[in-house]
Amino acid sequence: MSNISGASSGSSSAHRGRIVGVPRVCWCGAQIVAKLSKSETNPYRRYFRCVYAASNKLMDDNHIFKWVDEALLNEVDSLTSKAERLEQMVKENEIVFDGAEYEKIVYEKVLMEVEKEVFERVETVLMEAKASVKKMMILPIIGCMLIVGFMKLI
Ligand SMILES: [Zn+2]
């Protein structure tokens with residue numbers, strides 16, 4: 001996803017790439033600091049700057065420079081669109097899972113779990129039955145299986 005167009009104008013010299021929102025780290029790997037502008041054109045305006053470039057007092061370089069107010073504006077914009085996307089997803093899910101459709105999914109899931117449990121029990125009982133001849137124990141289990149099978153037909 002790239003959103004290069006539609007960004008606010010008014011930055012100074014050309015920078016490598018364009019950062020959307022608040023920069024976390026410069027491309028050179030250095031941390032970002034918030035500093036206060038002392039220029040005549042932008043007095044007391046805060047900006048983000050690459051630590052390396054700032055400590056070396058670099059000028060017209062490719063290291064990150066971004067006005068704090070512009071960065072925050074970007075951040076708010078991206079958060080707003082993110083929230084709108086989430087809202088849209090929730091709405092779409094409501095359509096898919098509403099009412100009867102949702103109940104059917106839950107019902108099928110429960111049924112599958114019950115069935116699995118019954119089969120597991122039958123297996124254990126059958127093993128026991130083979131060892132000792134207690135065939136009577138199998139009957140209630142078969143009864144359970146019949147009920148589950150019958151429920152599936154509904
Ligand atoms: Zn840098």
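# A walk through the model

Start in the middle of the action: select Tyr47 and look across to β3, where its bridge partner is Trp67. Keep in mind as you go that this is a predicted model.

**The neighbours of that pair**

Now pick Phe48. On one side, Phe48 stands opposite Lys66 in β3. Phe48, in β2, is also the bridge partner of Ala34, so select Ala34 as well. Show the backbone here if your viewer allows it, since strands of a sheet pair through backbone hydrogen bonds, either parallel or antiparallel.

**The whole sheet**

Zoom out a little and colour the strands. You should find three of them in an open sheet, ordered β1-β2-β3, with antiparallel pairing. Which strands sit at the edges? They are β1, at 32–36, and β3, at 65–67, and each of these pairs on one side only. Turn the sheet to see its twist, which averages 25° from one strand to the next.

Next, highlight β2, residues 46–50. How many bridges does β2 make with β3? There are three, in the antiparallel sense. With β1, the antiparallel pairing of β2 runs over five bridges. Switch on a surface and β2 mostly disappears from view: four of its five residues are buried.

**Two loop residues with positive phi**

A bit of background before the next stop: most residues other than glycine have a negative phi, and most peptide bonds are trans. Now select Tyr44, in the loop between β1 and β2. Its phi is near 60°, a positive value in a residue other than glycine. Is Tyr44 buried or exposed? Tyr44 has 68% relative accessibility, so it counts as exposed.

Move on to Lys57, in the loop between α1 and β3. Here, too, phi is positive in a residue other than glycine, this time near 50°. The relative accessible area of Lys57 is 69%, which means it is exposed.

**A pair of cysteines**

Select Cys26 and Cys28 next. Cys26 counts as buried because its relative accessibility is 3%. Cys28, at a relative accessible area of 34%, is partly exposed. Don't go hunting for disulfides, though: the structure holds zero.

**Helices and confidence**

Time to colour by pLDDT. The protein averages 76, and 72% of the residues score at least 70. Which elements have the highest and lowest mean values? Helix α1, residues 51–55, has the highest mean pLDDT among the elements, at 96, while helix α3, residues 99–131, has the lowest, at 72.

Then jump to residues 1–16, where pLDDT stays under 50. For residues 1–16 the model has 18 contacts beyond four places in sequence.

**Stepping back**

Finally, show everything as a cartoon and trace the chain from the N terminus: the elements run β-β-α-β-α-α-α. That comes to four helices and three strands. Of the 154 residues, 21% are buried. Put the surface back on: about 12300 Å² is accessible, and 62% of that belongs to carbon and sulfur atoms. As for contacts between residues at least 6 apart in sequence, 42% join residues at least 24 apart.

To close the loop, go back to where you began, with Tyr47 and its β3 bridge partner Trp67, and find them again within the β1-β2-β3 sheet.

How values were computed:
Residues are numbered from 1 along each chain as its sequence is written. This is a predicted model: local features need pLDDT of at least 70, side-chain atom pairs count only at pLDDT 80 or more; totals for chains, interfaces and linings use all residues. Side-chain values use heavy atoms; hydrogens and water are left out. A disulfide is a pair of cysteine sulfur atoms within 2.5 Å. Buried means under 20% relative accessible area, exposed over 50%, partly exposed in between (1.4 Å probe, protein chains only). Two strands pair if DSSP finds at least two bridges between them. Axes are lines fitted to C-alpha atoms, for helices over the stretch in contact, and angles run from 0 to 180 degrees between N-to-C directions. pLDDT is the predictor's confidence in each residue, from 0 to 100. Contact means heavy atoms within 4.5 Å. Accessible areas come from the Shrake-Rupley method with a 1.4 Å probe; for residues, only the protein chains shown count as cover.
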